[in-house]
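Colleague: I am new to this structure and would like a close look at a single part of it. Please take the helix packing, and set it in the context of the whole chain.

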Amino acid sequence: MKIVIAGGSGFLGGALAAACAEDGHDVVVLTRARQAGAAVHDAGTGMPGITRVGWTPDGRTGHWATAIDGSGALINLAGAGIGDRRWTPARKVLLRDSRILATRSLVAALDAAATPPPVFVSASAVGYYGTTGDEIRTEASPAGGDFLAGLCEAWEAEARSAERVSMRVALLRTGIVLEKSGGALARMATPFRLMAGGPMGSGRQYMSWIHRLDWIEMVRWVLGTPEASGALNLTAPTPVTNREFASALGRAMGRPALVPAPAFALRALLGEMADPLVLRGQRVVPARAQALGYRFRYPELSQALTAIMRE
């Protein structure tokens, strides 16, 4: 099957593209790093392997869209990193445009395709729910009211515009993805290596996490499960408090977890994004995936972190 991945070069997309290629799929990665429409095959990925096609995600279709025609699935992971930089007004515009315009371009390409794929899988995030304290959130819960929740709601609305009788749309509300080679864990582990790790803020805020292997397997499961449509929480079934996370990470690394990072310092360092991303959090569970029979490889945090740190 040909699988097209927009945003297939990052922490999640790169690993997913490699996994799909190893499964024997013909993987096409849409990338802004090449001229729109230009294609090059990745050496060493075999045949069919991975081919990178340049695209311009500006809200419109283009010559690159021929890569989507006749494919078996389109996966949209495009978007600037939410936690990479402070949320200045200009950064907020970039965070929004990089998601909304990219998704709009893909939907336009789907509309124009003579033979569109039967499934469109589009990224979202647990930030959809806003900051929820210790209240459990499932896919049936309403959207929150902060910047990140509004961004996720608008992002999902663009993807949902592709829904039709012949097109299944799945929305991946992803939590904190754990893998030591990158993402949030690589940054969180640094203070522990320096013997200065500990909880952040009050430590009572919940973290909805998932091991990257489970994230990859869940996406592959979505592709092969016709009932998996609409919103799906890609999180482990056991969200934990930040204090519990810090203790588990310290044990996995053989380091103490005694030095707290006070809320005022985090707000000074991170600005507006400190509260929704670090200090308040969400307690999200994968209700729909579990109801549809998905089985997690790493349902418990201590199990996941131990496996990651032993790699």
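Modeller: What follows goes from the whole protein to two helix pairs and then to a few single residues. The model is predicted, not experimental.

First, the setting. The secondary structure of the protein comes to 10 helices and 14 strands. Its C-alpha atoms fill a box of roughly 60 × 40 × 40 Å along the principal axes. A compact globule with 311 residues would have a radius of gyration near 19 Å, and the value for the protein is 19 Å, so the two agree. Of the 311 residues, 52% count as buried. Among contacts with a separation of 6 or more, 76% are between residues 24 or more positions apart.

Now the helix packing. Two packed helices are described by the angle between their axes and the distance between the axes.

Take α2 and α3 to begin with. Helix α2 covers residues 89-112 and helix α3 covers residues 147-160; their axes are 8 Å apart and the angle is about 10 degrees. Angles under 35 degrees count as roughly parallel, and α2 is therefore roughly parallel to α3. The crossing of these two helices, α2 and α3, is right-handed. On the α2 side, the contact is made by Lys92, Leu95, Arg96, Arg99, Ile100, Thr103, Arg104 and Val107. On the α3 side, Phe147, Gly150, Leu151, Ala154, Trp155, Glu158 and Ala159 take part. By class, the residues in the contact of α2 with α3 are eight nonpolar, two polar and five charged.

The other pair is α1 and α5. Helix α1 (residues 13-22) and helix α5 (residues 212-223) have axes that come within 10 Å and cross at roughly 55 degrees. The helices α1 and α5 are therefore oblique to each other. Here too there is a right-handed crossing, as α1 passes α5. Ala15, Leu16 and Ala19 in α1 meet Arg212, Trp215, Ile216, Val219 and Arg220 in α5. The contact of α1 with α5 holds six nonpolar and two charged residues, and no polar ones.

Some residues outside these contacts link the helices to the strands. Serine 124 lies in strand β6 (residues 119-125). Serine 124 has a relative accessible area of 5%, so it is buried. Leaving out residues up to four places away in sequence, serine 124 touches Cys152, Trp155, Glu156, Leu172, Arg173 and Thr174. Trp155 is also one of the α3 residues in the contact with α2.

Valine 29 is found in strand β2 (residues 26-36). With a relative accessible area of 0%, valine 29 is buried. Beyond residues up to four places away in sequence, valine 29 touches Ile5, Gly8, Ser9, Ala17, Ile50, Thr51, Arg52 and Val53. Valine 29 and alanine 39 are 10 residues apart in sequence, and their C-alpha atoms are 9.5 Å apart.

Two loops complete the picture. Proline 48 is in the loop between β3 (39-41) and β4 (50-54). The peptide bond from methionine 47 to proline 48 is cis, with omega near 5 degrees. Methionine 195 is in the loop between α4 (183-193) and β10 (206-207). Although methionine 195 is not a glycine, it has a positive phi of about 65 degrees. Its relative accessibility is 49%, so methionine 195 counts as partly exposed.

Methods:
Residues numbered from 1 in each chain as written. Predicted model: local features only at pLDDT ≥ 70, side-chain atom pairs only at ≥ 80, totals over all residues. Heavy atoms only, no water. Axes fitted to C-alpha atoms, helices over the stretch in contact; angles between N-to-C directions. Helix = DSSP H or I, 4+ residues; strand = E, 2+ residues; numbered from the N terminus. Parallel < 35°, antiparallel > 145°, perpendicular 65-115°, else oblique. Left-handed = near helix turned anticlockwise from the far one by under 90°. Contact = heavy atoms within 4.5 Å. Nonpolar A, V, L, I, M, F, W, Y, C, P; charged D, E, K, R; others polar. Rg over C-alpha atoms; globule rule 2.2 N^0.38 Å. Buried < 20%, exposed > 50% of the residue type's maximum accessible area, 1.4 Å probe, protein only.
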